[in-house]
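User: Can you walk me through this fold? I'm new to this, so keep it short.

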Amino acid sequence: MQIARTIPELREILGDARRTAFVPTMGNLHEGHLSLVKTARTLGDVSVASIFVNRLQFLPHEDFDTYPRTWDSDCDKLQSAGCDVLFAPDEKALYPEPQTCKVHPDPRIADTLEGEFRPGFFIGVCTVVMKLFACVQPRVAVFGKKDYQQLMMIRHMVRQFALPIEVVGAETSRAEDGLALSSRNGYLDKQERIQASQLSATLRSVAQAVRDGERDFAAIEARATMALAARGWKPDYVALRRQSDLQAPTSGDALVVLAAARLGNTRLIDNLEIEQ
């Protein structure tokens, strides 16, 4: 695996690669990230992963300074997954001057759900992804469905800017008890880790209610929210939305249920597409 620390180094390594497949990450890698890299290897002639903890997408009270940096372990994992190139710029390399030009995504998608509770988050996400796309110039980019709203935002951005990139959504990797793999799972203590599977179980119960024919979506959402709260969670939202654009569902739409809730000091998100 070759490692590039600067944009010129990356471009020299990639050279004349015709079909680069790209997986952007913030490091602290787990099996979910590695599954994305393995998918990317099947979709291009060169697989590239990036590690960059993006300050722009953290709110002032969030965990930018304490976000786990696990460089040696990450490199070992990427190499074992068959990654060809790792792009690991520092802030000066990626943002050599203040990043005053930013991507402001469609507020219909960006200002709901995660955007409501983390204002400005998707501006930071879209800006760094656009810049990484400019550096890597991939033909394929692989994102996990675990961050479903992010996937929708990136697809919308690529479409709006006519970028020559195929955005592939990979299925969420889960632990045996159903918990979606996430870097922030490491913040959970032993008892919280046992309780954490309740989030995916709640999503499954919502999906089952829809499949059983219930159509009072607000009542289903409220019931699920109360069930989490009764178990000691602090839910931000449990929401049924259209898969296509995350807007409020209408009759016949393919649906997804999304949730975010805090367990102790750890905020977890998850989602489940509903097949009817």
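Analyst: We'll go through the sheets, then the helices, then a salt bridge.
Analyst: This is a predicted model, where local features need pLDDT of at least 70, side-chain atom pairs count only at pLDDT 80 or more, and totals for chains, interfaces and linings use all residues. Residues are numbered from 1 along each chain as its sequence is written, and side-chain values use heavy atoms, with hydrogens and water left out.

User: What is the strand order in the open sheet of six strands?
Analyst: The order is 1-4-3-2-5-6, with parallel pairing. Strands here are DSSP E runs of at least two residues, and helices are H or I runs of at least four, numbered from the N terminus. Two strands pair if DSSP finds at least two bridges between them.

User: Which strands stand at the edges?
Analyst: Strand 1 (2-4) and strand 6 (166-170). Each has a single partner strand, so one side of each is left without a neighbour in the sheet.

User: How many bridges join strand 5 and strand 6?
Analyst: Five, in the parallel sense. Strand 5 covers residues 140-144. Glu166 in strand 6 is the bridge partner of Val140.

User: OK, the other sheet. What is the order of its three strands?
Analyst: It is 7-8-9, an open sheet with antiparallel pairing. Strand 7 (234-242) and strand 9 (266-274) are the edge strands, and each pairs on one side only. Strand 8 (residues 255-263) and strand 9 share nine bridges. Leu258 stands opposite Asn271 in strand 9.

User: Now helices. Which strands does helix 11 lie across?
Analyst: Strand 7 and strand 8. Helix 11 runs at about 155° to strand 7. Axes are lines fitted to C-alpha atoms, for helices over the stretch in contact, and angles run from 0 to 180 degrees between N-to-C directions. Contact means heavy atoms within 4.5 Å.

User: And how do helix 10 and helix 11 cross?
Analyst: Helix 10 (residues 197-211) and helix 11 (residues 217-230) have axes that come within 10 Å and cross at roughly 155°. That makes helix 10 roughly antiparallel to helix 11, a label for angles over 145 degrees.

User: Which residues meet there?
Analyst: Among them are Leu199 and Val206 in helix 10, and Phe217 and Leu228 in helix 11.

User: Last topic. How many salt bridges does the count come to?
Analyst: It comes to 16. A salt bridge is a side-chain nitrogen of Lys or Arg within 4 Å of a carboxyl oxygen of Asp or Glu. Asp177 and Arg193 form one, at 2.8 Å, N to O. Asp177 is in the loop between strand 6 and helix 9 (190-195), and Arg193 is in helix 9, 16 residues apart.

How values were computed: Parallel < 35°, antiparallel > 145°, perpendicular 65-115°, else oblique.
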